[in-house]
Structures are given as structure tokens and as C-alpha cells.
Amino acid sequence: KRLVRIVYKVHKVCKVHKVTCFIDFMNFMNLIFFVMKKIGILGFQGAIIEHERQIKAIGHEPVIVKYPEQLEEIDGIILPGGESTTMGKILNRTGLMEPLRGKIQSGLPVWGTCAGMILLAKELVNDSVTHLGVMDIAVRRNAYGSQIDSFATKKVIPAVDSKEIELVFIRAPYITSVKDGVKILCELDGHIVAAEEKNMLVTSFHPELTDNTAFLKYFVSKI
């Protein structure tokens with residue numbers, strides 16, 4: 001009887017709001033039960049404004065993180081593209097490196113794009129200095145060449161979206177190897193360009209430089 005009542009209510013809502021299929025109904029329910037998240041963006045350098053714009057576009061609150069105490073007020077954090085060596089130095093100089101590492105190790109959802117991927121990697125193939133070193137991946141910096149070698153392509157990433165996503169690569173790294181527990185989300189020409197491990201997500205490319213918010217929504221769904 002309880003199931004019958006639930007099905008009846010679903011049918012009634014669909015009829016009133018002209019929801020024509022299950023996916024539309026689920027989207028409608030998501031709107032009803034939507035909870036705004038505070039999404040941090042490491043605020044020292046890189047595509048901060050672009051990430052901020054996309055976070056606002058999907059209805060969440062961006063927080064520009066520059067101080068350790070701000071880590072207590074966010075639900076997840078994005079490490080944007082930029083210059084990883086500079087970002088690593090600033091993390092150390094501001095005293096944010098250790099608190100951020102601890103938060104990630106304790107389960108704070110984190111998404112590293114481009115330079116953010118380098119910050120998270122436990123191993124850098126062409127650099128002896130690592131930074132946060134929390135994700136079981138080996139990364140090659142500037143693997144696709146210099147700024148002039150930047151490019152964009154499109155690819156379907158099934159875990160993220162059934163439609164093609166534009167992938168923008170700017171002085172991009174890629175993952176050369178992963179350890180057990182790391183899930184590969186996307187490969188391009190035999191190179192790993194997106195992966196996840198527990199609460200950590202990384203991409204070689206810059207979804208924030210496009211109008212497609214699928215990858216951001218995927219990250220937020222993990223929070």
C-alpha cells in the first residue's frame with residue numbers, strides 16, 4: 001500500500017508539472033531538495049574567475065580560499081590551473097599546505113584541473129619536487145608542450161555525461177601511471193587525462209574555460 005501511495009504521488013506531481021519522463025521527474029525532485037554547497041577555489045593564481053562563474057551558474061556558492069581557517073567553511077575545493085611551482089611555494093609560504101593536505105586526507109572533496117592535478121600527484125615524472133602528494137598518480141608536467149601547443153578537442157566521458165564534452169588543454173600535464181584504487185575516467189591518444197581516487201578528482205584539461213558545466217556537476221555530486 002505504501003508503494004502504491006508513492007507511485008500515485010509521483011504520477012500526480014508529473015501530471016501537475018507536465019513531467020513527461022523519469023529523468024525529468026528526477027530533475028524536478030533535485031530542484032525541490034537542492035542544497036547549496038560552498039565550493040572553495042584555491043585563490044592564489046590561475047583560472048579563479050572562470051571556476052567562480054561556473055559555480056554560480058549551477059546555483060552554488062564559491063569561496064576564494066587563501067587562509068587555513070577558510071577550509072572549515074567549505075564543502076569541497078577546486079585547485080585551478082595556473083603555475084604549479086608558484087602555487088606550491090605560496091601554499092607553503094601562507095601555511096596552507098599542511099592544513100589543506102590534512103583536510104584532503106580526511107575526506108574533503110577536491111578537484112584539481114591542470115596545475116591542480118600536479119599539486120595532488122604523489123609522483124612527478126620530470127620533477128623531483130612534489131607538493132600536496134596525496135593522490136596515487138604519476139604526472140608529467142607540460143606533457144603537451146608549451147603555450148603555443150595548446151588545443152581543444154571533444155570526447156564523451158561516460159561517467160560524467162552521455163554527450164561530448166569540450167576538452168581544452170593549455171600547457172597541460174597528463175598521467176603516466178596510476179596505482180590500485182585510482183579510476184581512469186578519460187584517455188586521449190593513449191594518455192590518461194582524467195581520473196579519480198576516493199574524494200579526489202583530477203583533469204588535465206580545463207572544463208571551466210567552456211560553457212559546459214557537466215564536469216563541475218559531476219564533482220559537486222561527490223560532495
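Here are some exercises with worked solutions on the predicted model shown above.

**Exercise 1. Getting an overview**

Task: Find how many helices and strands the protein chain has, and what share of its residues count as buried.

Solution:
- Step 1. Start with the elements: there are 7 helices and 12 strands in the protein chain.
- Step 2. Turn to burial. The chain has 223 residues, and 46% of them count as buried.
- Step 3. Now look at contacts between residues with a separation of 6 or more in the protein chain: 62% of these join residues 24 or more positions apart.

**Exercise 2. Two cores**

Task: Work out which residues have the most contacts inside the largest nonpolar core, and which helix gives the largest share of this core.

Solution:
- Step 1. The largest nonpolar core has 35 residues. Inside this core, Ile 77, Leu 79, Leu 120, Leu 132 and Ile 137 have the most contacts.
- Step 2. Helix α6, residues 115–120, supplies the largest share of the core, with 5 residues.
- Step 3. Another core, of 28 residues, lies apart from the largest one; Ile 39, Ile 78, Val 160 and Phe 169 are among its members.
- Step 4. Zoom in on Leu 79. Once neighbours within four places in sequence are set aside, its contacts include Leu 42, Leu 100, Trp 111, Thr 113, Leu 120 and Leu 132.

**Exercise 3. A strand residue that touches Leu 79**

Task: Decide whether Thr 113 is buried or exposed, and list what Thr 113 is in contact with beyond its neighbours within four places in sequence.

Solution:
- Step 1. Locate the residue: Thr 113 sits in strand β4, residues 110–113.
- Step 2. Its relative accessibility is 0%, so Thr 113 counts as buried. The cut-off to use here is under 20%.
- Step 3. Beyond the neighbours within four places in sequence, Thr 113 is in contact with His 51, Leu 79, Pro 80, Gly 81, Thr 203, Phe 205, Pro 207 and Glu 208.

**Exercise 4. Strands β7 and β8**

Task: Compare the burial of Ala 152 with that of Leu 167, and describe their contacts.

Solution:
- Step 1. Ala 152 belongs to strand β7, residues 151–156, while Leu 167 belongs to strand β8, residues 164–169.
- Step 2. Ala 152 has 46% relative accessibility, so it counts as partly exposed. Leu 167 is buried, with a relative accessible area of 0%.
- Step 3. With neighbours within four places in sequence left aside, Ala 152 is in contact with Glu 166, Leu 167 and Val 168. Under that condition, the contacts of Leu 167 include Ala 152, Phe 151, Thr 153, Cys 186 and Phe 205.
- Step 4. Add some distances. From C-alpha to C-alpha, Ala 152 and Glu 166 are 6.8 Å apart in space, although 14 residues separate them in sequence. Leu 167 and Lys 155 are 12 residues apart in sequence and 7.3 Å apart in space, again C-alpha to C-alpha.

**Exercise 5. Pocket and phi**

Task: Describe the second largest pocket and its lining, then find what is notable about the phi of Arg 171 and of Lys 198.

Solution:
- Step 1. The second largest pocket holds about 220 Å³ of space. It is lined by 15 residues, and the closest to its centre are Gly 82, Glu 83, Cys 114, Ile 170 and Arg 171.
- Step 2. Sort the lining by type: 5 residues are nonpolar, 7 polar and 3 charged.
- Step 3. Most residues other than glycine have a negative phi.
- Step 4. Arg 171, not a glycine, has a positive phi of about 45°. This residue is in the loop between β8 and β9, and it is partly exposed, with a relative accessible area of 33%.
- Step 5. Lys 198 also is not a glycine and has a positive phi, of about 50°. Lys 198 is in the loop between β11 and β12 and counts as exposed at 77% relative accessibility.

**Exercise 6. A loop histidine and a helix**

Task: Find where His 60 is and what its side chain reaches, then explain why helix α7 is described as largely enclosed.

Solution:
- Step 1. His 60 lies in the loop between α3 and β2. At 8% relative accessibility, His 60 counts as buried.
- Step 2. Its side chain reaches the backbone nitrogen of Lys 37 at 2.8 Å.
- Step 3. Helix α7 spans residues 214–221, and 6 of its 8 residues are buried, so the rest of the structure largely encloses it.
- Step 4. The buried residues in α7 are Ala 214, Phe 215, Leu 216, Tyr 218, Phe 219 and Val 220.

Technical notes
Residues numbered from 1 in each chain as written. Predicted model: local features only at pLDDT ≥ 70, side-chain atom pairs only at ≥ 80, totals over all residues. Heavy atoms only, no water. 1 Å grid on protein atoms, 1.4 Å probe; cavity = no way out; pocket = protein on both sides within 12 Å on 5 of 7 lines; lining within 4 Å. Points joined across faces, edges and corners; volume = space filled by probe spheres on them. Nonpolar A, V, L, I, M, F, W, Y, C, P; charged D, E, K, R; others polar. Buried < 20%, exposed > 50% of the residue type's maximum accessible area, 1.4 Å probe, protein only. Helix = DSSP H or I, 4+ residues; strand = E, 2+ residues; numbered from the N terminus. Core = buried A, V, L, I, M, F, W, Y, C linked by side-chain atoms within 4.5 Å. Contact = heavy atoms within 4.5 Å. Polar contact = N/O pair within 3.5 Å; in protein donor to acceptor, adjacent residues only side chain to side chain.
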